[in-house]
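Colleague: Could you walk me through this one? I would like to go from the sheet to the helices that pack around it.

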Amino acid sequence: MANLVIDIGNTLTKVAVFQQDELLQAEHYSNADAETLLQLIDQYQVNQVIVSSVRKDIESWRSSIEKKAELKHFTVEMTAGVHNKYKSPKTLGLDRLAAVIGAMKLFPGKGSLVVDAGTAITYDWIDGAGNFFGGSISPGLNMRYKALNYYTGALPLINADAGFNEIYGNNTETAIRSGVQNGIKYELFGFIQSYYTEEPELNIILSGGDSIFFDTLLKNSIFAPYVKNEPYLVLKGLNAALQNNND
């Protein structure tokens, strides 16, 4: 029997099927519907489903799923062995908790800095003993471009897909690219350097929709040997939480 893992984010719904720890299939949708999810349940003989959502509305497909499999909602109490030291656990983003659970599952006994690059960029540190104290949240790549356009009268909205490898820009568009992309670069390197003073040689785990951008920044750096790209980290963490909850 298999597990169905559903992560409902700000912009996408990510869905994965696991057989124990093995990832069998992963998809993402702008909005997953009952028909799609029921098809996966039937195809893989899913008997358990776990859902994590940043949204407050009730999923339209919930009642349909509950007729086919046991449905559980991920909560901050499902720590899967992570020692959650966060001072306001009720306000901790479930995706952040799932990511550090995934890091501990993949690299037990090893400290990790989890960098999740999505709508926002989060930096979360879990030490080798499984202690999670917190991290940092900053605007994501696209959010920075949109904010410069929205909150000013003259700056254009720039496509975030193009790269930028110079120190400075020589026109308005490249100056914006320099500010956004170099700003993220210096932020990333500054956080990594700070955490390395606490725990040398910790893993740097990249996840999220913009993780390729971060991977490109780090691949030629002194930190490259410690970089792990785990695009399904949150999904793996949710699966680990479901397995641990059963135990």
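Modeller: Gladly. Two strands pair if DSSP finds at least two bridges between them. Please keep in mind that this is a predicted model.

Colleague: Which residue of strand 9 stands opposite Asp-124?
Modeller: Strand 8, residues 120–126, pairs with strand 9, residues 131–139, in the antiparallel sense over seven bridges. Opposite Asp-124 in strand 9 stands Gly-135.

Colleague: Which are the edge strands of the sheet?
Modeller: The sheet is open and has six strands with mixed pairing, in the order 6-9-8-7-10-11. An edge strand pairs on one side only, and that holds for strand 6 (83–84) and strand 11 (227–229).

Colleague: What angle does the direction of helix 5 make with that of strand 8?
Modeller: Helix 5, residues 172–198, packs on the sheet and touches strands 7, 8, 9 and 10. Its direction makes an angle with that of strand 8 of about 10°.

Colleague: Are helix 5 and helix 6 roughly parallel or roughly perpendicular?
Modeller: Their axes come within 11 Å and cross at roughly 70°. Angles of 65 to 115 degrees count as roughly perpendicular. Helix 5 and helix 6 are therefore roughly perpendicular.

Colleague: Is that crossing left-handed or right-handed, and how many nonpolar residues does the contact have?
Modeller: The crossing of helix 5 and helix 6 is right-handed. Helix 5 contributes residues including Ile-184, Leu-188 and Phe-189, while helix 6 brings Phe-213, Phe-214, Leu-217 and Leu-218. Beside one polar and one charged residue, the nonpolar residues in this contact number eight.

Key
Residues numbered from 1 in each chain as written. Predicted model: local features only at pLDDT ≥ 70, side-chain atom pairs only at ≥ 80, totals over all residues. Heavy atoms only, no water. Helix = DSSP H or I, 4+ residues; strand = E, 2+ residues; numbered from the N terminus. Contact = heavy atoms within 4.5 Å. Axes fitted to C-alpha atoms, helices over the stretch in contact; angles between N-to-C directions. Parallel < 35°, antiparallel > 145°, perpendicular 65-115°, else oblique. Left-handed = near helix turned anticlockwise from the far one by under 90°. Nonpolar A, V, L, I, M, F, W, Y, C, P; charged D, E, K, R; others polar.
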